Amino acid sequence: MFGVKHMKWWGWGVEGVGFHHEDKPRFAPFVKEKVGLDLSEPGTAAPGFDEIDVPESLLPDELAAALARAVGDKHVITEDLDRVVHTFGKSVRDLVRLRRNQLKRVPDAVVYPGDESQVSAVMQAVLDADAVLIPFGGGSNIAGSLEPLTGETRPVVSMDMGRMNRVLDLDTEAGLARIQAGALGPALEEQLNRRGWTLGHFPDSFTHSTLGGWVATRSSGMQSDKYGDIADITRGLRMVTRTESENGPGVDTVVLRPLPSTSTGPSVREMILGSEGRLGVITEVTVNVHQLPEERVVLAWFFPDFERGLKAMQDISQSEVNVLVARCSDHRETAFSFATQKKQKGVKKLVTDGLFKMLERRGWDLDKMCMAFIGFEGSKSHVTHQKSLVKDIVGKYDGVFVGKGPGQMYDQKKFDTPYLRDFLLDRGATADVSETAVPYSQIKELYDNTITAAEEAMTEAGVPGYIMCHLSHNYHSGACLYFTFAVVEKPEEQLQAYDMVKRAVQQSFIDNGGTLSHHHGVGMEHSPWMEQDVSPAGSGMIDSLFDAVDPGKNLNPGKVT
Ligand code: FAD
């Protein structure tokens with residue numbers, strides 16, 4: 001649509017691309033052993049779009065005319081496919097509901113503004129009609145941040161920001177770029193790279209998510225150890241919001257200039273970060289940008305167990321070392337990574353076999369072995385120095401250097417891994433992720449208790465399942481733990497066992513000193529844990545903010561709290 005590309009309506013990524021395991025000989029045996037799934041059986045493909053019952057558009061003529069005046073006729077779309085694409089994000093719950101033909105409430109229209117004045121005009125039209133406005137970036141969230149409320153009787157308008165995708169200004173002296181909120185990751189990096197700069201924000205969903213979406217969900221990218229989370233990267237922004245007067249609702253623009261820091265009371269910037277469309281529509285963001293580095297390398301190490309891997313990551317982040325990324329998988333995720341490797345041949349195979357034999361001779365239990373990636377970026381001399389500092393720390397925890405190969409593989413594969421979820425859904429396995437951040441002093445306990453809670457939930461549900469974890473995104477006092485889990489359920493029972501495991505994992509985060517989410521946001525999926533996360537009084541403050549700004553609950557209602 002107008003050069004705005006969307007993902008498959010039923011799954012992750014672009015049409016024609018999917019996960020295949022034929023070239024990965026260890027994958028099918030691994031899945032069979034861990035969850036009893038036989039991959040030689042054909043999967044059930046997602047239904048065709050004509051098998052889906054799409055509720056009719058309830059767009060009133062008056063609102064349709066006002067929207068057309070705001071953005072032009074051709075930028076107001078009421079086709080079923082577009083409305084369905086804009087209904088959900090890409091959580092496993094979203095995908096299952098689509099596959100099971102469970103569309104309760106779908107936006108009545110999708111509008112594509114071309115600039116901020118059009119965003120304002122659309123918002124005014126929506127408020128005048130007492131309708132609902134839901135901003136849409138790339139549609140990649142997995143927290144239920146987009147869907148209209150079931151039973152919403154007012155008209156619902158999805159505002160797709162995809163036409164607003166340009167880098168507007170680059171201040172090379174300050175290292176700041178002003179970028180329109182609808183720019184997808186590749187589009188904005190390409191515009192910056194052309195001039196020798198980078199944002200450095202690379203979430204795994206990079207190819208299909210936008211700057212505005214990142215800000216609205218408080219996203220974090222794999223290189224956050226160097227560049228920071230989007231909350232750190234965002235310096236200024238503009239957001240079209242609602243105002244109230246005796247003449248009824250109006251619109252205005254919040255303008256936050258790009259300041260290195262400020263002490264002007266509670267931070268309005270922080271209020272908007274993570275607001276998931278409840279306070280308005282972010283139209284542009286001014287972000288920290290950096291010159292492209294001379295060198296970038298991601299190296300791999302093995303550790304005898306996760307405990308030592310965790311300690312090494314902690315030591316690195318609390319030392320004077322500056323790394324790009326420090327990530328360590330537990331033994332379960334390490335085994336999974338090995339299972340997704342392509343067949344090794346010749347010298348490569350001999351080297352790997354030799355390395356494993358050497359580790360066994362050293363007394364390692366290979367089933368407990370963990371793989372870590374540590375990345376470096378900057379001038380050649382900086383990278384060389386940082387590598388030598390890391391080498392000393394890693395050595396203290398018996399880390400064994402594995403070289404560049406696995407890091408290169410990880411870099412190449414990271415944006416493809418999400419396709420695996422649809423492949424598994426075709427075969428009756430529901431796979432998802434939950435992630436948290438927790439102080440280092442509680443990290444191992446949270447890890448152990450969360451694995452136990454998930455496995456107990458699988459046993460209680462009576463289904464086979466698997467859970468694995470990695471540490472990434474390090475801070476002074478703690479880090480993010482990222483859990484991936486899958487359960488095998490009968491198609492007609494799908495999400496029952498999944499819900500039990502998801503609830504157990506989320507509750508374990510809170511009970512063990514972690515947050516309900518480090519970077520996926522709250523949406524409707526995580527809002528049941530909000531009071532426990534920020535306390536009832538804290539949650540009440542957020543409610544009051546939303547109610548004060550949007551008393552009519554016209555802006556993406558029901559998300560966050
Ligand atoms: P959308 O999904 O379109 O919207 C998300 C929320 O933001 C909605 O509430 C929407 O209304 C609001 N919104 C969007 N644009 C605006 C705007 N301009 N103004 C106001 N509100 C707006 N997240 C990470 O942080 N790191 C990861 O590594 C990561 N990996 C992922 C991998 C996969 C496979 C998937 C499916 C998701 C992943 N995510 C990750 C989650 C997701 O990509 C992020 O939440 C992302 O920030 C959402 O951006 P989006 O543009 O797709 O927003």
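## Just past helix H14

Let's start at the end of a helix: H14 is followed by Asp398, a residue with a positive phi, near 65°. Keep in mind that this is a predicted model.

## The length of H14

Helix H14 covers residues 380-396. At 1.5 Å a residue, its 17 residues should span 24 Å, and the end C-alpha atoms lie 25 Å apart, which agrees.

## Two faces of H14

Which residues of H14 are buried? They are Gln386, Val390, Ile393 and Val394. Looking down the axis of H14, you will find these buried residues within an arc of 95°, so they line one face of the helix.

Turn to the face away from that buried side and you meet the exposed residues Lys380, Ser381, Thr384, Ser388 and Asp392.

## What the buried side packs against

The buried residues of H14 have three partners to look for: strand E12 (295-303), helix H11 and strand E14 (370-378).

## The contact with H11

Helix H11 is made of residues 306-317, and its axis lies 9 Å from that of H14. The two helices pack at an angle of about 145°, and H11 passes H14 in a right-handed crossing.

On the H11 side, the contact involves Ala312, Asp315 and Ile316, while H14 brings Val390, Ile393 and Val394. Sorted by type, the residues of this contact are five nonpolar, one charged and no polar. Val390, Ile393 and Val394 are worth picking out on your screen: these H14 residues are buried, and they meet H11.

Key: Residues are numbered from 1 along each chain as its sequence is written. This is a predicted model: local features need pLDDT of at least 70, side-chain atom pairs count only at pLDDT 80 or more; totals for chains, interfaces and linings use all residues. Axes are lines fitted to C-alpha atoms, for helices over the stretch in contact, and angles run from 0 to 180 degrees between N-to-C directions. Helices (H or I, at least four residues) and strands (E, at least two) are DSSP runs, numbered from the N terminus. A crossing is left-handed if the near helix is turned anticlockwise from the far one by less than a right angle, and right-handed if clockwise. Two residues are in contact if their C-beta atoms, placed from the backbone, lie within 7 Å. Ala, Val, Leu, Ile, Met, Phe, Trp, Tyr, Cys and Pro count as nonpolar, Asp, Glu, Lys and Arg as charged, and the others, Gly among them, as polar. The expected span of a helix is 1.5 Å times one less than its number of residues. A residue is buried if 20 or more other C-beta atoms lie within 10 Å of its own, exposed if 12 or fewer, and partly exposed in between; C-beta atoms are placed from the backbone. The arc is that of the directions from the helix axis to the C-beta atoms.
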